[in-house]
Amino acid sequence: MVEFALVILALLTVVMGIIEFGRLLQTWMTVQNCAQTAARFATTGQCAVDPTSPGWQQDAARLQCIKDAARGASTSLSVIGGAGVFDPGYFDVSVHASDPPTPDPDLQYPGGPNARVAVDVTYNHPLITPIVSRLLPWITLRAHAEMINERFRHPGYGTPPGELPPTIRPTSTPTPTPTPTP
């Protein structure tokens, strides 16, 4: 009985450590995926917005679509909607570009064509181990992804509807030495 009491504490500590580490690794990979998914979406310049609306309205709609793409990839996280920065379950997405309209560093901007866009995702992962969670209720995980936007909203970009872009045919490459062919 005494041996079991001594061994069970060490065994439970190891088992709970393995479970907590597994949860932490899965959450970290999900946060990384959220940032990469949002950055990939940002590069396309697409969003369900009227193309005749002013550029600032298109950018505001794109910014919200990028954040929604990150939130859509976070389905396995326990995100709490009204959580603050110092609460478990806090989830935040920030988007910055290399060509902001103003020099304000706090301004979130999805970037124009051919601009570098950076997506940062922050998540407070709640811990479930009983003793550890009283001392450290969450661990903050951050992910960063950068990509370069495609050329969108460009007057000469794309082809008219119904037409395919021209195909490039391979050219013959001369062989430096004569090669016998059957």
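In this predicted model, Glu-146 is partly exposed, with a relative accessible area of 40%. The side chain of Glu-146 meets that of Arg-116 in a salt bridge, with 3.4 Å from N to O. This pair links distant parts of the chain, since Arg-116 belongs to strand β2 and Glu-146 to strand β3, 30 residues apart. Arg-116 likewise counts as partly exposed, at 41% relative accessibility.

## The two salt bridges

How many salt bridges does a search of the whole structure find? The search finds 2. In general, side chains of opposite charge can pair when their charged atoms come close. Besides the pair described above, the side chains of Glu-20 and Arg-23 meet in a salt bridge, with 3.0 Å from N to O. Glu-20 and Arg-23 are 3 residues apart in helix α1, so about one helical turn separates them.

Is Glu-20 buried or exposed? Glu-20 is buried, because its relative accessible area is 11%, and buried means under 20%. Its partner Arg-23 is partly exposed, with a relative accessible area of 26%. The table lists the relative accessible area of the residues in these salt bridges, together with two further residues discussed below.

| Residue | Relative accessible area | Class |
|---|---|---|
| Glu-20 | 11% | buried |
| Arg-23 | 26% | partly exposed |
| Arg-116 | 41% | partly exposed |
| Glu-146 | 40% | partly exposed |
| Leu-11 | 46% | partly exposed |
| Ser-74 | 7% | buried |

## The chain as a whole

The secondary structure of the chain comes to 3 helices and 3 strands. Along the sequence, these elements follow the pattern α-α-β-β-α-β. The chain has 182 residues, of which 28% are buried. Its exposed surface is about 12,400 Å², and carbon and sulfur atoms supply 65% of that area. Among the contacts with a separation of 6 or more, 65% are between residues 24 or more positions apart.

## The paired strands

Which strands pair with β2? Strand β1 pairs with β2 in the antiparallel sense over 7 bridges. Strand β3 also pairs with β2 in the antiparallel sense, here over 11 bridges.

Individual bridge partners can be named for both pairings. Asp-120 in β2 is the bridge partner of Ser-94, and Tyr-123 in β2 is the bridge partner of Phe-91. On the other side of the pairing, Glu-146 in β3 is the bridge partner of Ala-118. Glu-146 thus appears both in this bridge and in the salt bridge with Arg-116.

Strand β2 is largely enclosed by the rest of the structure, because 9 of its 11 residues are buried. Strand β1 is also largely enclosed, because 5 of its 7 residues are buried.

## The nonpolar core

The largest nonpolar core has 20 residues. Those with the most contacts inside this core are Val-31, Ile-66, Phe-91, Val-93, Val-95, Val-119 and Val-121. The elements that give two or more residues to the core are α1 (2-44), α2 (55-72), β1 (91-97), β2 (116-126) and β3 (138-148). Which element gives the largest share of this core? That element is α1, with 6 residues.

Val-119 offers a closer view of the core. Leaving out residues up to four places away in sequence, Val-119 touches Ala-35, Ala-38, Ala-39, Ile-66, Val-93, Ser-94, Val-95, Ala-143, His-144 and Ala-145. Ile-66, Val-93 and Val-95 are among these neighbours, and they also belong to the core residues with the most contacts.

## A buried loop residue

Ser-74 lies in the loop between α2 and β1. Ser-74 counts as buried, because its relative accessibility is 7%. Which residues is Ser-74 in contact with, leaving aside its neighbours within four places in sequence? They are Thr-30, Cys-34, Val-79 and Phe-91. Phe-91 is also one of the core residues with the most contacts.

## A nonpolar patch on the surface

Nonpolar residues are also found at the surface. Val-2, Leu-6, Val-7, Leu-11, Val-15, Ile-19 and Ile-128 form a nonpolar patch there, with about 640 Å² of accessible area together. One of them, Leu-11, is found in helix α1. Leu-11 counts as partly exposed, because its relative accessibility is 46%.

Note on methods. Residues are numbered from 1 along each chain as its sequence is written. This is a predicted model: local features need pLDDT of at least 70, side-chain atom pairs count only at pLDDT 80 or more; totals for chains, interfaces and linings use all residues. Side-chain values use heavy atoms; hydrogens and water are left out. A nonpolar core is a set of buried Ala, Val, Leu, Ile, Met, Phe, Trp, Tyr and Cys residues joined through side-chain atoms within 4.5 Å. Buried means under 20% relative accessible area, exposed over 50%, partly exposed in between (1.4 Å probe, protein chains only). Helices (H or I, at least four residues) and strands (E, at least two) are DSSP runs, numbered from the N terminus. Contact means heavy atoms within 4.5 Å. Accessible areas come from the Shrake-Rupley method with a 1.4 Å probe; for residues, only the protein chains shown count as cover. Two strands pair if DSSP finds at least two bridges between them. Patches are made of residues with over 30% relative accessible area and no salt bridge: like charges are joined within 9 Å, nonpolar side chains (Val, Leu, Ile, Met, Phe, Trp, Tyr) within 5 Å. A salt bridge is a side-chain nitrogen of Lys or Arg within 4 Å of a carboxyl oxygen of Asp or Glu.
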